[in-house]
Amino acid sequence: MHSSSVLSLSNCSVLKRSHRNQIEKLSFTPLKNLRFCGLRNEILAFEFLKLNRCETQRVRNFLRNKIVSASVAENGNAPTSFDYDLVIIGAGVGGHGAALHAVEKGLKTAIIEGDVIGGTCVNRGCVPSKALLAVSGRMRELKNEHHLKALGIQVSGAGYDRQAVADHANNLASKIRNNLTNSLKALGVDILTGVGTITGPQRVKYGKVGFSGSEVTARDIIIATGSVPFVPRGIEVDGKTVITSDHALKLEFVPEWIAIVGSGYIGLEFSDVYTALGSEVVSPLLNL
Ligand SMILES: Cc1cc2nc3c(=O)[nH]c(=O)nc-3n(C[C@H](O)[C@H](O)[C@H](O)COP(=O)(O)OP(=O)(O)OC[C@H]3O[C@@H](n4cnc5c(N)ncnc54)[C@H](O)[C@@H]3O)c2cc1C
């Protein structure tokens with residue numbers, strides 16, 4: 001990799017001088033001639049610096065609460081003319097929002113997506129989870145015979161069709177994904193398909209992993225590569241007995257009993273959905 005590299009945080013702004021000074025005080029190679037602009041796996045950024053685990057952790061700790069924005073620039077042979085004013089890597093809601101803003105500002109923009117447009121929120125997050133929550137809410141109401149009776153409503157044997165519930169969530173995601181794709185196209189944003197890799201200053205390669213792919217140049221690059229589910233060390237995800245939120249949203253089965261690790265809002269949402277659909281749910285408190 002080139003001597004410039006990238007940090008991975010999801011927010012995007014400019015690395016302040018005070019932050020840069022603090023990073024440089026962390027006793028490893030100074031960050032020369034770098035401009036930062038936002039992305040995932042911040043630690044990858046430092047691979048080329050050959051940090052040991054301890055240094056890496058210190059960097060990670062330092063960056064955790066900082067808003068760092070990323071783009072690689074000014075090192076090596078930067079192109080003098082560009083295919084695009086802006087190339088965005090990652091077409092989740094972050095990349096999509098950035099693209100809309102860029103177009104509004106008159107920038108010639110491309111977005112690179114290695115999987116599906118819409119990213120986590122549309123395909124594996126907010127959208128399907130809210131579709132499932134809508135079902136769980138109604139199931140609870142329909143099962144509350146006592147309350148319904150007080151209202152004068154009689155319902156007996158409320159049930160659900162698992163596949164139909166899953167299909168509804170999936171179809172909703174697919175509809176919103178299409179809308180998002182169409183809105184990008186309508187605005188004149190070029191959608192480049194494949195995994196994006198920054199190959200040098202203001203140069204991004206995209207295409208299938210392991211293939212040569214194509215390269216574009218850009219005055220600026222935004223890295224909006226989002227996140228993937230965190231799996232604690234030592235746990236193997238098999239998609240059957242151990243699953244992540246990605247699997248859980250597909251609702252391929254409703255287990256009789258489920259332990260949900262993580263009680264943030266995502267864990268709570270799944271507790272709501274799966275209890276309403278008949279699972280017994282526990283949320284172990286683990287010191288991971
Ligand atoms: C179950 C669940 C429910 C959620 N509910 C809500 C909610 O109700 N409200 C809310 O605000 N948030 C919610 N979230 C969080 C929300 O989904 C994320 O905050 C949001 O998706 C982040 O968007 P992003 O664009 O930063 O990243 P992502 O959505 O992760 O998008 C990143 C994109 O970059 C692509 N990518 C990654 N690397 C590369 C590469 N090298 N080249 C090309 N493409 C690449 C990925 O394929 C992906 O499409 C939820 C999340 C989950 C998991």
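Helix α3 has 12 residues, and at 1.5 Å a residue these should span 16 Å; the end C-alpha atoms of α3 are 16 Å apart, so expectation and model agree. The structure is a predicted model. Its chain contains nine helices and eight strands, and 30% of the 288 residues are buried. Of the contacts between residues at least 6 apart in sequence, 70% join residues at least 24 apart.

**Helix α3 and its surroundings**

- The buried residues of α3 are G94, G95, H96, A98, A99 and A102.
- The cover over these buried residues includes β1 (84–89), β2, α7 and β6.
- G106 follows just after α3 and takes a positive phi of about 85 degrees.

**The shell around the ligand**

- The ligand is surrounded by 27 residues, of which G90, G92, G94, G119 and G226 are the closest.
- Two or more residues of this shell come from each of α3 (93–104), β2 (109–113), α4 (119–124), α5 (126–143) and β4 (195–200).
- The greatest contribution is that of α4, which gives four residues to the shell.
- Sorted by class, the shell around the ligand comprises 15 polar, nine nonpolar and three charged residues.
- Helix α3 thus appears in two settings: α3 is one of the elements giving residues to the shell, and G94, a buried residue of α3, is among the residues closest to the ligand.

**Strands β4, β5 and β6**

- Strand β4 runs antiparallel to β5 (residues 203–207), and five bridges join the two.
- I198 has V204 of β5 as its bridge partner.
- The hairpin formed by β4 and β5 has two residues between the strands, and Q202 in the turn has a positive phi of about 60 degrees.
- Strand β5 is also joined to β6 (residues 214–223), by four bridges and in an antiparallel arrangement.
- On this side, V204 stands opposite V216 in β6.
- Between β5 and β6, which likewise form a hairpin, there are six residues; G210 in that turn has a positive phi of about 90 degrees.

**The largest nonpolar core**

- The largest nonpolar core has 41 residues, and V87, I88, I111 and V204 touch the most other members.
- Helix α7 (residues 162–186) supplies the largest share of this core, with six residues.
- Leaving aside residues up to four places away in sequence, V87 touches A110, I112, V204, V216, A218 and I221.
- V204 links these topics: V204 is touched by V87, is the bridge partner of I198 and stands opposite V216.

**A131 in helix α5**

- A131 is found in helix α5, one of the elements that give two or more residues to the shell around the ligand.
- A131 counts as buried because 20 C-beta neighbours lie inside 10 Å, and the cut-off for burial is 20 or more.
- Not counting residues up to four places away in sequence, A131 touches H168, A169 and L172.
- Although A131 and L172 are 41 residues apart along the chain, their C-alpha atoms are separated by 7.7 Å.

Methods
Residues are numbered from 1 along each chain as its sequence is written. This is a predicted model: local features need pLDDT of at least 70, side-chain atom pairs count only at pLDDT 80 or more; totals for chains, interfaces and linings use all residues. A residue is near a molecule or strand if its C-beta atom, placed from the backbone, lies within 6 Å of it. Ala, Val, Leu, Ile, Met, Phe, Trp, Tyr, Cys and Pro count as nonpolar, Asp, Glu, Lys and Arg as charged, and the others, Gly among them, as polar. Two strands pair if DSSP finds at least two bridges between them. A nonpolar core is a set of buried Ala, Val, Leu, Ile, Met, Phe, Trp, Tyr and Cys residues joined through C-beta atoms within 7 Å. A residue is buried if 20 or more other C-beta atoms lie within 10 Å of its own, exposed if 12 or fewer, and partly exposed in between; C-beta atoms are placed from the backbone. Two residues are in contact if their C-beta atoms, placed from the backbone, lie within 7 Å. The expected span of a helix is 1.5 Å times one less than its number of residues.
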